[in-house]
Amino acid sequence: MSCSRRQFMAGMSAGTLIMMTGTRSLASPLAHSQTIDGVRYGMLHDETACIGCTACMDACRETNKVPDGVARLQILRSGPEGEYPNQSYQFFRKSCQHCDNAPCVHVCPTGASHIRAEDGIVDVNPDLCVGCMYCLAACPYRVRFINPVTRVADKCDFCRQTNLAAGKQPACVEACPTKALVFGNLDDPDSALSQRLAKEETYRFKEALGTSPKMYRIAKGEKS
């Protein structure tokens with residue numbers, strides 16, 4: 001399904017506004033997700049436990065058949081910190097934040113980018129995506145890309161169509177050897193994720209932009 005010229009131009013105007021006004025526009029009220037039966041998926045990355053092995057990246061690529069040259073998930077390394085031989089590195093997960101207040105959804109002219117009512121996952125409908133790349137420009141986390149095979153916007157979807165559909169945890173969570181990733185329902189106080197968040201001091205990347213990301217982090221050293 002393709003969008004009309006009027007819809008396309010409206011989306012272009014929204015995308016231009018985002019780029020012209022900078023971060024201030026990202027903090028403006030956008031449509032928040034609506035959950036059904038209290039399901040709103042999120043994730044925790046424990047940077048103190050992450051060893052940068054990239055097993056999560058490999059599992060994501062294999063499970064979701066991500067083409068070469070693009071990635072839904074990256075582990076970025078910074079450092080070293082400290083003096084030899086007591087040096088350490090910091091590892092940062094770069095992937096979709098599944099924002100409750102997602103700029104990518106706001107600028108999409110066709111409705112392809114949307115927040116799923118069933119679980120709060122920020123998703124892309126490939127049948128509606130026209131590859132205009134407004135969502136790529138609007139995302140302050142720079143985690144979207146145009147899939148070279150499908151030619152539509154792509155990104156992490158918490159393995160919605162693969163592992164989650166099979167009743168399993170996202171591939172990255174299952175593959176992590178140090179259990180640095182915790183996935184679950186933020187609206188369930190008894191979920192492993194909610195219980196962990198209740199006990200730990202966490203932060204969310206670029207939270208000041210008003211995007212309400214559902215990716216939480218336990219910091220190791222200074223925050224990025």
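Let's start with the whole chain: of the 224 residues of this protein, 46% count as buried. Keep in mind that this is a predicted model. The fold has 7 helices and 9 strands. Now the contacts. Take those between residues at least 6 apart in sequence: 61% of them join residues at least 24 apart.

On to the pocket. The largest one has a volume of about 320 Å³. Its lining is made up of 20 residues. Which residues lie nearest its centre? They are Arg72, Asn147, Asp154, Asp157 and Gln161. By class, the lining splits into 8 nonpolar, 6 polar and 6 charged residues. Three elements each supply at least two lining residues: α3, at 55-64, β5, at 122-124, and β7, at 153-154. Of the elements, β5 gives the most, with 3 residues.

Next, His98. Look in the loop between β3, residues 88-94, and α4, residues 103-107. Is His98 buried or exposed? His98 has a relative accessible area of 0%, so it is buried. Its side chain reaches the backbone oxygen of Cys156 at 3.4 Å. Now set aside the neighbours within four places in sequence. His98 is then in contact with Gly120, Ile121 and Val122, among others. Further contacts of His98 include Lys155, Cys156, Asp157 and Phe158. Lys214 is also one of its contacts.

Now to Ile218. This residue is in strand β9, which covers residues 215-218. Ile218 has a relative accessible area of 8%, and buried means under 20%, so Ile218 counts as buried. How far apart are Ile218 and Thr202, in sequence and in space? They are 16 residues apart in sequence, and 4.8 Å apart in space, C-alpha to C-alpha. What else does Ile218 touch? Again, leave out residues up to four places away in sequence. Its contacts include Leu44, His45, Asp46, Glu47 and Thr48. Also among them are Arg196, Glu200, Glu201, Thr202 and Tyr203.

Last topic: the rings. A pair of aromatic rings is described by the distance of the centres and the angle of the planes. The count here comes to 4 aromatic pairs. Take Phe92 and Phe205. Their ring centres are 4.9 Å apart and their planes are at 70 degrees, so this pair is edge-to-face. Phe92 is in strand β3, while Phe205 is in the loop between α7, residues 192-199, and β9. The pair therefore ties together parts that are 113 residues apart in sequence. Are these two residues buried or exposed? Phe92 counts as buried, at 10% relative accessibility. Phe205 is buried too, with a relative accessible area of 18%.

Now Phe158 and Phe183. The ring centres of this pair are 5.0 Å apart and the planes are at 70 degrees, so the pair is edge-to-face. Where do the two residues sit? Phe158 is in the loop between β7 and α6, with α6 at 171-175. Phe183 is in strand β8, residues 181-185. The two are 25 residues apart, and their pair links distant parts of the chain. Both Phe158 and Phe183 are buried. There is a third member here: ring pairs link Tyr41, Phe158 and Phe183 into a cluster.

One link to take back to the structure. Phe158, from that ring cluster, is also one of the contacts of His98. And Asp157, another contact of His98, is among the residues nearest the centre of the largest pocket.

Note on methods. Residues numbered from 1 in each chain as written. Predicted model: local features only at pLDDT ≥ 70, side-chain atom pairs only at ≥ 80, totals over all residues. Heavy atoms only, no water. 1 Å grid on protein atoms, 1.4 Å probe; cavity = no way out; pocket = protein on both sides within 12 Å on 5 of 7 lines; lining within 4 Å. Points joined across faces, edges and corners; volume = space filled by probe spheres on them. Helix = DSSP H or I, 4+ residues; strand = E, 2+ residues; numbered from the N terminus. Nonpolar A, V, L, I, M, F, W, Y, C, P; charged D, E, K, R; others polar. Buried < 20%, exposed > 50% of the residue type's maximum accessible area, 1.4 Å probe, protein only. Polar contact = N/O pair within 3.5 Å; in protein donor to acceptor, adjacent residues only side chain to side chain. Contact = heavy atoms within 4.5 Å. Phe/Tyr/Trp six-rings, centres within 6.5 Å; stacked < 30°, edge-to-face > 60°.
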